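Please open the model in your viewer and keep the sequence panel beside it, since this tour moves from one selection to the next. At each stop, select what is named, and then read on to learn what is there.

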Amino acid sequence: ALQRKHEGFERDLAALEAQVGEVVVTSDQLALEFPDTQQQIEEKADLVQQRWTDLLEQTEFVKCKLADSHDLQQFLNSTKHYVYWAGETTASLALGSVPKTLEAANIELLRHQNMVKEIEARESSFRQIVHDSEALLGSNHYAADTIRSKLKALTEAQTALLRNCEARKAELQSHSAFLTFARDAGQAADVLSKQERILAAEDKGGSLATSGGGSGSGRRQAA
């Protein structure tokens, strides 16, 4: 709103510039027509020109100040939104539970992959905010201390987010590997147990056959 108001003020100055030019031209003519008052006429004309120059300088100063304030507000808003999102996402990662089944682990891994995609998608926003902050600091912005403070908070939030993201990924992968091993080991144990029962049955059948054959031979010898 302030910038739009200032733009209107600048348009008014464009019209005023023509009037200032007319004053200068008129003063030159009057100085020739009335040489006795030439000095006073020139002094008045110089005063008008000096005030016009001062007004232009002040207008440019205010314009730059408003632009700096606008850029600062955009930076602060972008930083605030990103830090809030990064904090919420980091908290969500920290509150993640350890899945008890392989199916649940796979679901959590998929959910984590989607979260990683979102973090990667927002990486360009993070880089843009950092770039904007560096540009503001490079222009000797009047709020340089505030910008540095917000930039520090931003980078710390990003670092915590990436660290927790990697930690959660490692945790899920490790637990998924353990659950996969437990499943495979259980299946292998079941198969081995079944084979042992089959082998035990075969061994029992063979022993009975051997025992029965020995008794018949003894009866024949006795006869």
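Begin by selecting Gln158 and Glu123 in this predicted model, and show their side chains, which make a polar contact with each other at 3.2 Å. Gln158 is found in helix α5, which covers residues 144-222. Is Gln158 buried or exposed? Its relative accessibility is 4%, and because buried means under 20%, Gln158 counts as buried. Now add what surrounds this residue: if the neighbours within four places in sequence are left aside, Gln158 is in contact with Tyr82, Glu123 and Phe126.

Next, stay in helix α5 and select Leu162, which also lies in that helix. With a relative accessibility of 39%, Leu162 counts as partly exposed, whereas Gln158 counts as buried. Select Val116 as well and draw a line between the two C-alpha atoms: Leu162 and Val116 are 9.2 Å apart in space, while 46 residues separate them in sequence.

Leu162 and Val116 also lead to the next stop, for both are among the residues that line the largest pocket. To see the whole lining, select Leu109, His112, Gln113, Val116, Ile119, Leu162, Cys165, Glu166, Lys169 and Gln173. Which helices each supply at least two residues of this lining? They are α3, which runs over 102-121, and α5. If you colour the lining residues by character, you will find five nonpolar, three polar and two charged. The volume of this pocket is about 160 Å³.

From the pocket, turn to an enclosed space. Rolling a probe the size of a water molecule over the atoms shows where empty space is left. In this model the count comes to one cavity of 30 Å³ or more, and the largest cavity has a volume of about 40 Å³. Select Ser92, Leu93, Glu108, Arg111, His112, Met115 and Arg168, which line the largest cavity; His112 appears in this list and also in the lining of the largest pocket. Helix α2, covering 38-94, and helix α3 each supply at least two residues of the cavity lining, and the largest share, four residues, comes from α3. Coloured by character, the cavity lining divides into two nonpolar, two polar and three charged residues.

For another stop, go to helix α1, residues 2-33, and select Glu10, which lies in this helix. Glu10 is partly exposed, with a relative accessible area of 25%. Which residues is Glu10 in contact with, once its neighbours within four places in sequence are left aside? They are Thr59 and Lys63. Between Glu10 and Thr59 the C-alpha atoms are 7.7 Å apart in space, although the two residues are 49 residues apart in sequence.

Finally, clear the selection and look at the whole protein chain, which has five helices and zero strands, so that along the sequence you can follow the pattern α-α-α-α-α. Of the 223 residues in the chain, buried residues make up 22%. Among contacts in the chain with a separation of 6 or more, 84% are between residues 24 or more positions apart. If you then switch on a surface display, keep in mind that the accessible surface of the chain comes to about 15800 Å², with 55% of that area belonging to carbon and sulfur atoms.

How values were computed. Residues are numbered from 1 along each chain as its sequence is written. This is a predicted model: local features need pLDDT of at least 70, side-chain atom pairs count only at pLDDT 80 or more; totals for chains, interfaces and linings use all residues. Side-chain values use heavy atoms; hydrogens and water are left out. Buried means under 20% relative accessible area, exposed over 50%, partly exposed in between (1.4 Å probe, protein chains only). A polar contact is a pair of N or O atoms within 3.5 Å; within protein, one must be able to donate a hydrogen and the other to accept it, and residues adjacent in sequence count only if both atoms are side-chain atoms. Contact means heavy atoms within 4.5 Å. Accessible areas come from the Shrake-Rupley method with a 1.4 Å probe; for residues, only the protein chains shown count as cover. On a 1 Å grid over the protein atoms alone, a cavity is a set of points where a 1.4 Å probe fits but cannot get out, and a pocket is an open set with protein on both sides within 12 Å along at least five of seven lines; lining residues have an atom within 4 Å of a point. Grid points are joined across faces, edges and corners, and a volume is the space filled by probe spheres set on the points. Ala, Val, Leu, Ile, Met, Phe, Trp, Tyr, Cys and Pro count as nonpolar, Asp, Glu, Lys and Arg as charged, and the others, Gly among them, as polar.
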